[in-house]
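Trainee: Please take a close look at a single part of this chain, and set it out in one connected account.

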Amino acid sequence: MANQGVNDPHHAAASESGGEPVNHGRRRFLTATTAVVGAIGAGFVAVPFIKSWNPSERAKLAGAPVSADITTLEAGQRLVLEWRGQPIWIVRRTEEVLQALPTLDDRLRDPQSTNKEQQPEYVLEGNPEYRSIKPEISVLVGLCTHLGCSPEMKAEIRPEPFDPDWKGGYFCPCHKSKFDMSGRVFQGVPAPINLLVPPHHYENDTTIIVGVDPSQSNSQGAA
């Protein structure tokens, strides 16, 4: 830095004119030092914010798996998580809802979920109308497949203003799209496909891991 000050032509010109020599090297050093001190000060200010930012939230946004304990989840209730910046709905469906699902097939656009991009294949193995690993537990991405709005859950089987023969499901008030309690889209609504089912598996009887398929979980356990 000192050499830069000595060799600086402006420094030489100032010396020749009799003015006070300007040490640009020192000036740069002081400027850099001030900037570093300022950055350190900003760092201290940011510490409380960073500490308040739960690391698990950063992990979620980065796509890391998230877990949910469904021990206290009762029939008709929903648990909401966040994974990859998306709401994930975990719902324990009632026996009445499960019995009603097969009766809706002729009202749905894709009742057998033939679009493989809508869900992992393993959620269709037991019963494609359930779209779940366990019949009573549904796991869905809670975003309407039309424009990404968040539909309302209308889990009770009762007449609704938007459907007098409602068997429970999800209704998007923004553009009137309807989905059943398996996330299957109705015919004649703006949403083009079923609600998505994220990759997930059961770590045990009461813990769901969202973001990892069962096959990946088995391979990780073997490793």
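Mentor: Strands (E, at least two residues) and helices (H or I, at least four) are DSSP runs, numbered from the N terminus. The model is predicted, so local features need pLDDT of at least 70 and side-chain atom pairs pLDDT 80 or more, while totals for chains, interfaces and linings use all residues. Residues are numbered from 1 along each chain as its sequence is written, and side-chain values use heavy atoms, without hydrogens or water.

The part chosen is the one around T207, a residue of strand β9. Strand β9 covers residues 207-210 and runs antiparallel to strand β8, residues 200-204. Four bridges join β8 to β9, where pairing requires at least two DSSP bridges. The connection from β8 to β9 is a hairpin through two residues. Within this pairing, Y202 has I208 of β9 as its bridge partner.

T207 itself is buried, with a relative accessible area of 14%; buried means under 20%, exposed over 50%, and partly exposed in between (1.4 Å probe, protein chains only). Its contacts (heavy atoms within 4.5 Å) beyond four places in sequence are S67, A68, H201 and Y202. Y202 thus appears twice in this account, as a contact of T207 and as the bridge partner of I208.

I208 leads to the packing of nonpolar side chains. A nonpolar core is a set of buried Ala, Val, Leu, Ile, Met, Phe, Trp, Tyr and Cys residues joined through side-chain atoms within 4.5 Å. The largest such core has 26 residues, and those with the most contacts inside it are C144, Y170, F179, M181, A191 and L195. Two or more residues come to this core from each of β3 (86-92), α5 (95-100) and β6 (169-172). I208 is in a second, separate core of 14 residues, which also includes V66, W83 and I88. In soluble globular proteins, nonpolar side chains tend to be buried together.

For comparison with T207 in its strand, consider P111, which lies in the loop between α5 and β4 (137-141). P111 also counts as buried, because its relative accessibility is 19%. Leaving out residues up to four places away in sequence, P111 touches D105, P128 and R184. The C-alpha atoms of P111 and L101 are 9.6 Å apart in space, and these two residues are separated by 10 residues in sequence.
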